[in-house]
4 protein chains.
Amino acid sequence: MIIVMKPDATRQDIQKVEQRLLDLGFHTHPIYGEKKTVIGAVGDKSRIDPSNLARMVGVEAIVPIMKPYKLVGRELTKEPSVVDVGSGVRFGGEELVVIAGPCAIEGEEQIYQVAQAVKKSGARVLRGGAFKPRTSPYSFQGLEEEGLKLLYQVKQDLDMPVITEVVDTRDVELVSRYSDILQVGARNMQNFRLLSECGKTKKPVLLKRGLSSTIEEWLMAAEYIVSEGDSRVILCERGIRTFETATRNTMDINAIAVVKELSHLPIIADPSHGTGNWKYVNAAARAFVAAGADGLIIEVHPDPQHAASDGPQSLKPEVFDELMQVLKPIAQAVGRTF
Amino acid sequence: MIIVMKPDATRQDIQKVEQRLLDLGFHTHPIYGEKKTVIGAVGDKSRIDPSNLARMVGVEAIVPIMKPYKLVGRELTKEPSVVDVGSGVRFGGEELVVIAGPCAIEGEEQIYQVAQAVKKSGARVLRGGAFKPRTSPYSFQGLEEEGLKLLYQVKQDLDMPVITEVVDTRDVELVSRYSDILQVGARNMQNFRLLSECGKTKKPVLLKRGLSSTIEEWLMAAEYIVSEGDSRVILCERGIRTFETATRNTMDINAIAVVKELSHLPIIADPSHGTGNWKYVNAAARAFVAAGADGLIIEVHPDPQHAASDGPQSLKPEVFDELMQVLKPIAQAVGRTF
Amino acid sequence: MIIVMKPDATRQDIQKVEQRLLDLGFHTHPIYGEKKTVIGAVGDKSRIDPSNLARMVGVEAIVPIMKPYKLVGRELTKEPSVVDVGSGVRFGGEELVVIAGPCAIEGEEQIYQVAQAVKKSGARVLRGGAFKPRTSPYSFQGLEEEGLKLLYQVKQDLDMPVITEVVDTRDVELVSRYSDILQVGARNMQNFRLLSECGKTKKPVLLKRGLSSTIEEWLMAAEYIVSEGDSRVILCERGIRTFETATRNTMDINAIAVVKELSHLPIIADPSHGTGNWKYVNAAARAFVAAGADGLIIEVHPDPQHAASDGPQSLKPEVFDELMQVLKPIAQAVGRTF
Amino acid sequence: MIIVMKPDATRQDIQKVEQRLLDLGFHTHPIYGEKKTVIGAVGDKSRIDPSNLARMVGVEAIVPIMKPYKLVGRELTKEPSVVDVGSGVRFGGEELVVIAGPCAIEGEEQIYQVAQAVKKSGARVLRGGAFKPRTSPYSFQGLEEEGLKLLYQVKQDLDMPVITEVVDTRDVELVSRYSDILQVGARNMQNFRLLSECGKTKKPVLLKRGLSSTIEEWLMAAEYIVSEGDSRVILCERGIRTFETATRNTMDINAIAVVKELSHLPIIADPSHGTGNWKYVNAAARAFVAAGADGLIIEVHPDPQHAASDGPQSLKPEVFDELMQVLKPIAQAVGRTF
């Protein structure tokens with residue numbers, strides 16, 4: 001880490017900072033510039049919260065040099081990780097993997113209808129919400145365990161891995177029994193207890209990016225899961241919050257290339273939430289595949305006008321099928337099987 | 001609600017939308033403009049997720065007319081609420097109430113030292129974190145129940161209400177036993193299960209605004225708590241995330257006047273997190289008092305350089321004492337006792 | 001437009017608003033709901049700044065129904081516009097058009113070297129800055145007219161249309177003499193005088209989106225140009241400002257689909273500024289082509305380490321050439337010739 | 001500046017970077033950590049665009065140590081500047097200075113009426129727009145020179161300095177003849193040519209913060225003016241663009257304390273644009289005075305319902321008068337005369 005001293009820091013101020021660093025077990029390397037002195041500190045940062053040094057007299061700023069994440073970063077693990085979720089489905093490998101299904105499971109007929117349709121179109125994993133985080137306490141909150149059972153039944157019948165969201169530490173064990181992949185939603189990206197509980201199950205976890213999370217914070221959230229010994233984390237870009245109101249969120253297309261550089265984890269994209277409007281899903285899906293995403297998660301509903309949740313952004317099965325056709329040559333153009 | 005039809009919507013499209021609305025129990029009032037038709041729909045919106053109507057052919061947009069929050073809004077409850085947290089401390093009344101204490105409880109000596117100091121300076125409530133949500137899994141996570149016990153001990157000895165954060169639904173009952181006020185942090189503002197559990201305790205809840213939450217979403221989060229029958233909610237503006245990096249967050253000073261207009265709940269401000277830098281806390285605290293906040297929550301630590309958490313933004317007790325002196329005439333200028 | 005009255009608006013308040021609307025030449029259509037009254041106002045909004053009605057007693061909100069832009073919108077002009085910039089280059093048609101060149105023109109050798117290379121790789125238009133808007137007054141500000149002359153010379157020699165930025169109303173005439181396309185940069189997107197002056201030249205104008213501009217504001221800026229009688233406007237998404245710092249800007253991939261729906265103007269993307277890092281340019285370029293952009297503008301420099309401006313985000317000619325190869329199958333997959 | 005090398009940078013990579021720095025006239029100070037090497041470079045940064053070094057093999061990041069602004073910063077000029085605008089009005093001194101007047105000058109009667117009223121209430125400077133930057137080309141664009149003449153007439157009659165916006169380099173000379181202070185609006189904050197032209201007049205310049213400008217970019221914009229030899233710059237915080245839509249902008253209350261730390265220039269606030277709603281102006285004005293702003297600029301109109309521009313956020317003269325009364329004790333509480 002580098003400590004930048006103020007232009008008017010005295011020699012005594014500098015010595016005190018050096019002494020403090022030495023006491024903490026660092027080696028110090030002061031560099032005296034014309035206007036400012038900086039002190040390079042070499043050693044183990046984990047013994048100290050470096051931000052506290054900012055309180056010392058004469059200190060202008062602290063510049064960290066090492067990335068705060070270790071297990072999910074590229075510095076230790078050079079090769080990209082491949083996350084196997086069962087039934088031969090692997091995220092982060094050569095194949096582009098599409099997850100599809102309704103926002104919320106509404107009943108047996110609905111989930112079967114969607115599952116069969118999306119499977120036929122080429123989706124490899126079925127999504128369906130049983131516990132729904134809703135902005136309003138008066139909105140439909142999901143079928144809960146009944147929904148999980150329906151999901152499990154479909155999974156068995158169609159031999160298709162399933163994913164569903166978990167929103168409460170108390171439900172992690174329950175959801176783990178039914179679902180192949182645990183989904184942590186954007187609003188819970190920094191629900192650190194939930195991250196740890198999910199990590200303890202050692203199941204694959206899909207971690208959505210928070211609405212206002214930097215990529216670094218997102219990787220730190222993944223680090224919570226991996227530090228519990230669960231290395232099967234899949235990241236999911238689903239749009240961030242900006243001033244633009246023409247779409248529900250602003251999708252950070254750059255995040256794919258940045259995450260690929262910083263982390264070895266697979267990353268997929270959610271154009272349904274990222275746009276909030278079924279009319280824009282196709283373009284966003286194409287774009288993320290072209291940018292190098294390892295997969296997509298897309299909301300499909302047989303009758304979006306009557307959906308219990310997220311109707312405006314859900315595709316009808318036939319529209320989803322067209323999208324899957326459109327994606328093929330793009331996936332191939334970027335070297336993916338699909 | 002108002003349904004805006006596209007310029008090229010046909011008469012048939014319009015009729016279908018009207019029929020759908022009638023089926024849902026609405027009365028419809030179409031207005032035919034030169035270029036566009038709009039349909040006013042009068043009735044009970046709660047039977048329907050209006051966003052789904054956006055899927056109908058010819059519909060351009062849906063404009064809600066009623067506020068989505070009911071219990072926390074001003075439409076039903078005209079008078080400002082006063083939240084009594086015990087020991088004669090009331091938020092939302094004439095008195096400006098200051099909460100102070102360390103970010104994290106680190107030990108008996110530390111918490112007593114701070115508590116006595118801030119009480120002497122005029123703070124009415126003691127804060128202290130026992131469960132800490134930290135960006136990194138490698139950072140200090142709090143003393144947990146041991147911390148709660150220390151907090152309770154201080155509360156008893158100094159007859160001072162205490163507040164501490166709860167980060168897990170599984171801890172709500174435990175924290176409720178020790179703390180007068182439950183704090184829901186910014187990262188958990190849309191952890192709806194946690195909100196509901198807190199509401200069920202019927203204890204006062206301090207609800208911080210999420211980093212990327214609109215005021216409407218914040219009020220909807222409060223609605224979750226109040227809809228459980230717990231009307232003692234205190235809102236807390238603690239800064240939102242923007243592009244500016246000179247401070248940890250951007251404090252939304254306008255939020256005070258807006259919330260006062262839209263809601264009857266008391267609102268306080270957290271200049272420690274809102275600035276992230278002890279040097280700026282004084283100015284922000286003054287500003288929020290002048291803007292009409294009902295109180296403040298401020299981090300105070302006897303030795304910020306060695307704080308386990310949030311050292312850079314914590315005030316030393318003597319600096320906090322000066323701040324309290326500075327606030328007096330400003331509080332009086334806006335009609336507050338202090 | 002719709003006027004939403006407050007729940008406690010009196011019959012008299014409502015009548016006064018209606019009277020005011022009638023005086024302004026509107027027809028009024030009040031709808032009396034259970035809690036609120038709304039008044040539909042049909043007529044010519046251009047006679048009045050509707051926001052002023054918000055000042056009347058009892059008014060809660062004003063909801064506009066018509067889009068504020070006319071000439072650039074899809075409501076009047078259904079078919080997509082094709083912008084011909086000379087030498088057979090057309091934006092918005094079937095062909096994907098790539099603009100490439102250095103951020104700043106630094107000298108004859110440099111601009112020729114780049115121009116020949118990018119032309120060979122398939123770029124159709126040459127970019128090169130002669131007037132540079134720089135954050136610091138101490139940075140290189142461009143070769144000015146000398147640069148324009150070099151650009152013009154290359155244009156003549158290679159029969160390649162050229163584009164360069166204009167940053168001052170006083171330079172519009174000068175730049176028009178040398179350049180085929182006038183570029184209005186992100187920082188000048190709401191420099192309305194500059195927009196009008198550019199529009200008066202009747203030359204093609206490339207209008208970059210402002211760093212914090214909504215799509216609606218961007219279209220309104222285009223409306224300034226078109227309202228001067230210049231219909232040859234090309235929009236350019238170049239990233240917006242968000243909280244994310246891993247990249248220079250956040251590229252709004254959704255903007256392509258949204259603009260295509262709202263406007264008939266062609267739209268291209270600038271992955272160089274949108275990422276700020278040459279390593280991410282390839283992924284962003286692929287994504288925007290897949291999303292349906294009509295073209296790209298990319299910074300290429302023979303020696304980015306020694307570039308006078310934007311070195312970090314410029315591609316070397318050989319890297320640009322690889323990119324052009326990669327784009328081919330993606331362009332074809334979305335139905336473009338390239 | 002500090003160059004951070006990647007963990008896998010070779011000794012040769014490091015040597016090449018050092019050699020490049022030596023060639024550029026820097027002294028180098030490499031520090032070899034366990035995982036990464038950093039190189040301190042001491043010397044004159046102005047000879048080089050340091051961002052280009054990021055292109056060298058093995059370089060991870062460049063960390064600047066010196067502030068990019070010189071003339072407006074506190075490093076060279078320790079004492080706060082006081083900007084004298086004539087008639088005994090000084091910004092940045094002990095007195096809190098309030099600028100008031102209509103958004104746009106609409107006619108002789110209007111401007112006289114407002115001027116007399118605000119002067120009586122204690123405003124020291126009169127504002128009034130003659131050239132209006134409007135989002136729509138179809139909105140009122142100002143009375144132009146006729147407006148300037150009216151402003152000048154009032155200035156003479158009431159011995160009150162006046163301020164008006166300049167939006168075009170071609171108008172700078174004209175506006176300078178009539179106005180005591182040149183206002184550069186938010187949308188033109190990075191119209192660098194306009195900044196330079198204003199600086200050349202040596203007149204006081206009020207520089208509003210751009211909607212999406214960091215404080216550092218704002219100070220760099222001020223540096224453009226001061227580097228022309230015009231040291232009389234007044235900064236004005238007017239709200240930034242965020243995701244919150246309840247108000248027109250989000251006012252950055254922290255900006256006052258930050259700017260006071262980083263720069264010697266006076267800073268005022270514009271609660272009219274910062275809120276966009278006259279109901280919130282009072283609270284924001286109180287807050288900024290309490291935070292330490294050197295003044296305020298407030299829109300006042302005799303008949304906001306019929307204002308040509310910004311009706312919703314303009315105060316009636318009597319409401320402005322009440323505000324001025326409310327501000328007195330707050331100004332005094334923070335040590336201001338008023």
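Let's start with two of the chains: turn chain A by 180°, with 0.0 Å of shift along the axis of that turn, and it superposes on chain B with an RMSD of 0.0 Å. The two copies are therefore related as by a two-fold rotation axis. If you want to find that axis on the screen, look for S212(A): its C-alpha is the one in chain A nearest the axis, 2.9 Å from it. Both copies use the same surface here, as 100% of the contact residues of chain A recur in chain B. Keep in mind as you look around that this is a predicted model.

So how much of each chain takes part in the contact between A and B? Chain A puts in 38 residues, and chain B puts in 38 residues as well. On the chain A side, two helices each supply at least two residues: α5 (192-201) and α6 (215-226). The one that gives the most is α6(A), with four residues. Sort this side of chain A by residue class and you get 14 nonpolar, 14 polar and 10 charged residues.

Now swing around to chain C. Chain A can also be laid on chain C, again by a turn of 180° with a shift of 0.0 Å along the axis, and the RMSD is 0.0 Å. Which residue of chain A has its C-alpha nearest this axis? That's A287(A), at 2.0 Å. Here too the same surface serves both copies, with 100% of the contact residues of chain A recurring in chain C.

The contact between A and C takes 35 residues from chain A and 35 residues from chain C. On chain A's side, the elements giving two or more residues are α7 (254-262), α9 (278-291) and α10 (317-333). The largest share comes from α9(A), which brings 10 residues. By class, this side of chain A has 21 nonpolar, nine polar and five charged residues.

Next, zoom in on a pair of helices in chain D. Helix α5 (residues 192-201) and helix α6 (residues 215-226) of chain D pack with their axes 7 Å apart, at an angle of about 40°. Because of that angle, α5(D) counts as oblique to α6(D). Which residues make the contact? From α5(D) come F192(D), L195(D), S196(D), C198(D) and G199(D), while α6(D) offers A221(D), Y224(D), I225(D) and V226(D). Seven of the residues in this contact of α5(D) with α6(D) are nonpolar and two are polar, with no charged ones.

Step back and take in chain A as a whole. Its domain assignment gives two pieces: domain 1 covers 2-63 and domain 2 covers 83-333. How far apart do the C-alpha centres of these domains of chain A lie? The answer is 45 Å.

Finally, a word on the predictor's own confidence. Chain A has a mean pLDDT of 95, and 99% of its residues reach 70 or more. For the complex, the predictor gives an ipTM of 0.96 and a pTM of 0.96.

Methods:
Residues numbered from 1 in each chain as written. Chains lettered and ligands numbered in written order. Predicted model: local features only at pLDDT ≥ 70, side-chain atom pairs only at ≥ 80, totals over all residues. Contact = placed C-beta atoms within 7 Å. Nonpolar A, V, L, I, M, F, W, Y, C, P; charged D, E, K, R; others polar. Least-squares fit on C-alpha atoms with pLDDT ≥ 70 in both. pLDDT = per-residue confidence, 0-100. Axes fitted to C-alpha atoms, helices over the stretch in contact; angles between N-to-C directions. Parallel < 35°, antiparallel > 145°, perpendicular 65-115°, else oblique. Domains from an automatic or database assignment.
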